[in-house]
Amino acid sequence: MGRGWWGDRRSLALLQGSRQPTPETLQFVPKQSPLVVSLLARPDRLAEVWLGLAQPKQRPQIKQELAWLEEVLLAGTGLSYQQDLQPWLGEETTLAVVTGDLDQDPENGRSPGYLVIFTCEDGQAARKSLELFWQNRAIAGTPLIFKDAAGNRLIYTSQPQAGPSPLATTLVANQFLLVANHPEVLYQALGAAQAVDTNLALDSRYKTALKGLPSRRVGLVAMHLPGLQDWLQGVGAPALGKAISSLPNSSASLVDWGLISFALDRQGLLADLARSARPGRSLPPYPADLGTDLPWLTALPEALPLVAVGHDLARLGPSLQPLVDLMPAVWRSPLSLAQELDRRFGDGAMAAIQAGATQDYALGLNPTATANPLDWMVLSHASPEWGQALETLNQLGQAQGLGASSLAIQQQPVRAWSRLRVEPLEQNLEVTAAVAGLETNLADQLQVLAGSAQTLNQVLSRQAESAPAPPAWWAERDRFASPVAAYLHGDWPRLQEGLPRSPRLELVKTLADPLLRHIQGITLASYGQSDRLQRSALFLHLRNR
């Protein structure tokens, strides 16, 4: 895809953002479209940046991945990106799911409407390429239909009984080439461009969210969440709105629209997200008040694949809801700390810990642990509220048959809650203890609650080091704005090992594999929320070295 990164050093300027930070193509996108993805740079320019930042030994593999991705995206069209698109393609391309069902009649099945909008750097070349494409279709025996709409010539094929999917195209003012899977989509797109306040570019939600996002970007993604949920149901994915959040206090019912702005970084990809409240609804405001000096981070074990750091644990669910909403439902149970704590101690355990961790905290999860379905750790400052939380856990545990006992790990006094079990061992019986949780005091008035002796031992070993350092991912916070309400970091290679697999997820993974295989870590920062807007940012750390 393109001449290679050394063929056009101008592509590296995309690290500073696109020369055109707002898409012009959104004038053709109806504002209720469930999903809209806009690239503000030519795909070959983006590929050149990726190649330019990679080590020479990685470039052959990346070129193969890009060639495979091009083949997948253009499959069935008979087109080559380099020969048929690149000579005339402008710096902006938008892909939109215009509707989850074109005729809105569920009884005859669902027919989503898809739209792709290309900007044309050379309109005449685009017209010639389009004419050649349709000539080849006609020569192959495909009947063509020509219609005029709003001064534009529409060309499309009828719905075939078998063979390639139908296509419809129109070239607008030699500047925009619109391609859809049904002519009705083109009629909607042209109508949206002509009517007042019916397209996404003029939508008030889009304008408000855009003001709250950085101007340095190479792409935008707009999501109408109810429509996106409906579309995902139609293509067989789990319904996001019906899935139970892995963290309590979900705000999913309070928001209905979101905008993501993507920027390039020498180490990966940075995304800023703004989500707006539903009309007539208000979000519970909370500030971004996490301190910048958190010396207790040195107690966090590097071995934890998923770590959250924030202020007031009760806010964690709303803070991370944008990420939770995008998670496949099959992943939520293995990552549900609330479900695991209530299973171990009894209903109300998670609520008790939330009520106790009202100051700065750290939370770690390990879904790859072999001894337990989910290993976990909560680190909090000692306080009367935290003491009451531990007492509530003790009472819940006793009601569930748990016993509290004292022991020592690395000469550190530890309280453990466990349940004794009698198990057969050949001809004898053996008494074993199933640990529900352990807690101890650390230096500097810190207290740690852990799900296993192994995790607690890792925390104590970190504390015993002569000069412990924060986890390596903590250095990535410089990429985010400040102040911050909470961070969430995932070690992707290790995290995906412990997550369930399914045919649907494997299909997504196959399509996104050229990116997924390079992800080293994922870090999310929540910037808090007002009564109307929730803001956060996501950094994908790519392994380019």
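Begin with the whole chain in a secondary-structure view: 15 helices and 20 strands are assigned. The model is predicted, with a mean pLDDT of 83 for the chain and 84% of its residues at 70 or more.

Keep the full chain selected and colour it by burial. Of its 545 residues, 51% count as buried. Displaying contacts between residues at least 6 apart in sequence shows how the chain is connected: 69% of these contacts join residues at least 24 apart. With the surface switched on, the accessible area of the chain comes to about 25,000 Å²; carbon and sulfur atoms account for 54% of that area.

Next, colour by pLDDT and select residues 1-7. Their pLDDT stays under 50, and the model has 18 contacts beyond four places in sequence for this segment. Then select residues 236-251, where pLDDT also stays under 50. For this second segment the model has 42 contacts beyond four places in sequence.

Move on to strands β15 (412-425) and β16 (428-442), each of which supplies at least two residues of a nonpolar patch. Show the side chains of Leu 420, Val 422, Leu 429 and Val 431: these residues form the patch on the surface, and their accessible area together is about 460 Å².

Finally, centre the view on Val 431, in strand β16. Is this residue buried or exposed? Val 431 counts as exposed because its relative accessibility is 57%, and the cut-off for that class is over 50%. The tour thus ends on one of the residues of the nonpolar surface patch.

Terms used
Residues numbered from 1 in each chain as written. Predicted model: local features only at pLDDT ≥ 70, side-chain atom pairs only at ≥ 80, totals over all residues. Heavy atoms only, no water. pLDDT = per-residue confidence, 0-100. Contact = heavy atoms within 4.5 Å. Helix = DSSP H or I, 4+ residues; strand = E, 2+ residues; numbered from the N terminus. Buried < 20%, exposed > 50% of the residue type's maximum accessible area, 1.4 Å probe, protein only. Areas by Shrake-Rupley, 256 points an atom, 1.4 Å probe, with all protein chains shown as cover. Patch = residues over 30% accessible without salt bridge, like charges linked within 9 Å, V, L, I, M, F, W, Y side chains within 5 Å. Salt bridge = Lys/Arg side-chain N within 4 Å of Asp/Glu carboxyl O.
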